[in-house]
Structures are given as C-alpha cells and as structure tokens.
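Me: I am new to this structure and should like to understand the terms used to describe it. Please set each value against the rule behind it.

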Amino acid sequence: MDDARVNLKDIANELGISQTAVSFAINDKPGVSIQTKRRVREAAARMGWKPAYAAQALGSSKTMTVGFAPARSMDAFQTEGFMLHFMAGIHASLSRSGYGLLFRPCATLEEELDTYRDWARRKRVDGVVLVDLLSDDPRPRLLHNLGLPAVLAGGPDSDNYLPSLSIDDSRTMTTIMDHLSSRGHARIAYLSGDENLDYSRARVSSFKDFVLRKNLGEPKVEFTDFTPDKAAALTVRLSSGKNPYTAFIYENEIMAAASLRAMLESRTASIAPASAHMGLPAMVSFEDSFICQSTYPSITSVHRDAGLYGTKVANLLLKIFRGEHVGGNRRILTPKLVVRESTARPVL
C-alpha cells in the first residue's frame, strides 16, 4: 500500500476495529487494551503508516518532542566529542519512537531555568533531559514543580525529584590511580573542570581518598573551568622545580592535548627537538576521542560509549512517557581505561 494513502481508517478496516480505537492505540491513550495497542502498532508498521506530527499534536496533549537545554557554550559543544555522541544517542532512541529532540543551548543557568518555564507554559515539550548536576542544583525541583517529566544523566539527584542514570566516576578514578601508581608515580595532580559539577566532586573525592590511603602526600587538585590554556600553564609549572609532579589527570581530552603541546614547546626551547618527547610527565584524559589517539605520544584515556549512554537516558524518559515504573537512581556503563603511550613508561 502506498505510504501517502495509509491512514487510521485503513488500519481500522484491516483489523476490523473502530477508527477511534486505532487513534487511542496510536496515541497511547487509555481505553484500549495492551494487546490492541500492540496489534495496531504492528499493523501500522506493516502497512507503512507514518504519523503526521502536526495533526498528532493537535489531536492530543503530546508534542512528540523532548527538550535539551544545557547551560554550555557553543565552543564546548563543538570541541567535546562526548556530548556530541551523547546527543546522537538520544536522538537515535527518540526517533525510533517518533519523537524529535529540541536542542536549545543556554549561556547561563538562569537562562536554562527560564527556558524550562517557557516550555512548560507553552506546552512545547513532553519532557526534558538534564545534564551537569550542580551542587544545590535548582533544576530538579523546578522541573518537578512545573510538572515536566525529566531524567538526569549523572547524579544521583539527592532530593529524588528525578530518576537518573550515572557513570561510576569514583571507580573510574580509582582505576586511573591504580594504573599510575603501578607505573611508580607518587606525585600525581588532578586538573579538574568545574568544582560545582556533581561528577567533578565525585572524582575529586575518589582522588583524594586514594592519595591519602596510599600515603602519596597532600592531594593536588586544581580547577580550570575547562580552560585548555589554564590547564597547560598549570602542567608546565607543576612539572618543573625541585619536586615536580610526574603524572597529570585531565577532565577532558582538549585540556590534555593542550598541556601536551605546551610541555613539548617548553622543552624544545632548551633541548633538541628530537629529545623533547623523552621524560614527559604521564598524562591521562577522562574523555577519549580521536585526539587522544592521534597525538604523539598518544594519550591514555577513559573510554565511555557516549552514544549508548544517550540511548539509555532517552529510553528511560520514554518509559516515563508510557507510564511505566521507573526506579530512582542507577549507575551504568563502567568505563574502560585505554592505556596508550603517554603512560606506557614507568616513572624514572
């Protein structure tokens, strides 16, 4: 049957049920059984029926749209491979269920909050994906009060306003520290991003616990606001002097690559370029991408399947839309440490 000619009446005639029952099943409304909904969806797929989203939105309270409005700069989205793959995973999951993703980057937290208020007032989206949980974050409470279904990528939400899926950052930091200490490193610095972010706090806590437990001296943590130049300057300074740090952990691959370049430039000013790569401090990135693979030396990094993470987060929100029971907070996707040249050699 031609896609353009398939409508709800065609599906009703095919199954021998009313057009109203087909409409209820397609729009997941109460009034028809689960079995009928399944039969209607199977027939719609078999006959090549496609939803007319404008008519669907007018005929029900659904917009078939999920909102994503993180307070991040456009530069961050253009350079952070993890977030781009995360968004692709969300979109892939939503599109299979007929939903679209409304991406609205915000410059500030207040702009993000205003966006949620506007979406709720205009019934612009059916739900929201939230990222980058903050200390004393006002967003979960606001979304709860607005009645906007939402899921949190990260967390958990300590007030239990939103269900969440998080990556085990604490265990990952311990894996990194085990690797570096096994290479003989005792002077390790962690160049973090934003101290207000939930996942940064978890990583810092795990880092400090390890340093103190192994008697590696005073834990060295510096916050960079994700600024590559600041991370590079800190690396050059902390890796020099009488008691230099011999290993560095970075929040993302951009900071790590910028620091590697700065170290090489500082060394070629005083020694032969051919020897510049010798004796560099060990470097580990909490994000993996082609950048870590293509630099020389290549950078040891934490690999997480960002696309799969986005898919799982979107699937959780779709369960909420269907009225299914959703648990509170779960940890998923224990990352893998990919060891490369930057940490291959033991400390001298």
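Reply: A helix here is a DSSP run of type H or I with at least four residues, and helices are numbered from the N terminus. In this predicted model, H8 covers residues 139-146. Gly147 follows H8 and has a positive phi, near 75°.

Me: Which residues of helix H8 are buried, and what makes a residue count as such?

Reply: A residue is called buried when its relative accessible area is under 20%. Arg139, Pro140, Leu142 and Leu143 of H8 are buried. Around the axis they cover an arc of only 165°, which puts them on the same side of H8. The buried residues of H8 pack against H7, E3 and E4.

Me: How do you know that strands E1 and E3 are paired?

Reply: Pairing requires at least two bridges between the strands. Strand E1 (residues 65-68) and strand E3 (residues 127-131) are joined by 2 bridges and run parallel, so the pair meets the rule. Gly67 has Val128 of E3 as its bridge partner.

Me: What is the order of the strands in the open sheet, and which strands stand at its edges?

Reply: The sheet has 6 strands in the order E2-E1-E3-E4-E5-E11, with parallel pairing. Strand E2 (100-103) and strand E11 (329-332) each have a single partner strand, so one side of each is left without a neighbour in the sheet. On average, neighbouring strands of this sheet are turned by 25° against each other, direction ignored.

Me: Which strands does helix H7 touch, and which does helix H14 lie across?

Reply: Helix H7 (residues 109-122) packs on the sheet and touches E1, E2 and E3, with its direction at about 170° to that of E3. Helix H14 (residues 306-321) lies across E1, E3, E4, E5 and E11, and runs at about 160° to E4.

Me: Why is the pair of Tyr190 and Phe207 called tilted?

Reply: Two rings pair if their centres lie within 6.5 Å, and the centres of Tyr190 and Phe207 are 5.7 Å apart. Planes under 30 degrees apart would count as stacked and over 60 as edge-to-face. The planes of this pair stand at 50°, so the pair is tilted. Tyr190 in strand E6 and Phe207 in helix H10 are 17 residues apart, and both are buried.

Me: What makes Arg203 count as a charge over a ring?

Reply: The CZ atom of an arginine must be within 6 Å of the ring centre and within 35 degrees of the ring normal. The charged end of Arg203 sits over the ring of Phe286, 3.8 Å from its centre. Arg187 likewise lies over the face of Tyr245, at 4.0 Å from the ring centre.

Me: Is Asp136 buried or exposed, and what is notable about its phi?

Reply: Exposed means a relative accessible area over 50%. Asp136 has 77% and is therefore exposed. Asp136 lies in the loop between E3 and H8, and its phi is positive, about 55°, although Asp136 is not a glycine. Asp225, in the loop between strand E7 and helix H11, has a positive phi near 55°. Its relative accessible area is 53%, so Asp225 is exposed by that cut-off.

Key. Residues are numbered from 1 along each chain as its sequence is written. This is a predicted model: local features need pLDDT of at least 70, side-chain atom pairs count only at pLDDT 80 or more; totals for chains, interfaces and linings use all residues. Side-chain values use heavy atoms; hydrogens and water are left out. Axes are lines fitted to C-alpha atoms, for helices over the stretch in contact, and angles run from 0 to 180 degrees between N-to-C directions. Contact means heavy atoms within 4.5 Å. Buried means under 20% relative accessible area, exposed over 50%, partly exposed in between (1.4 Å probe, protein chains only). The arc is that of the directions from the helix axis to the C-beta atoms. Rings of Phe, Tyr and Trp (its six-membered ring) pair if their centres lie within 6.5 Å; planes under 30 degrees apart count as stacked, over 60 as edge-to-face and the rest as tilted.
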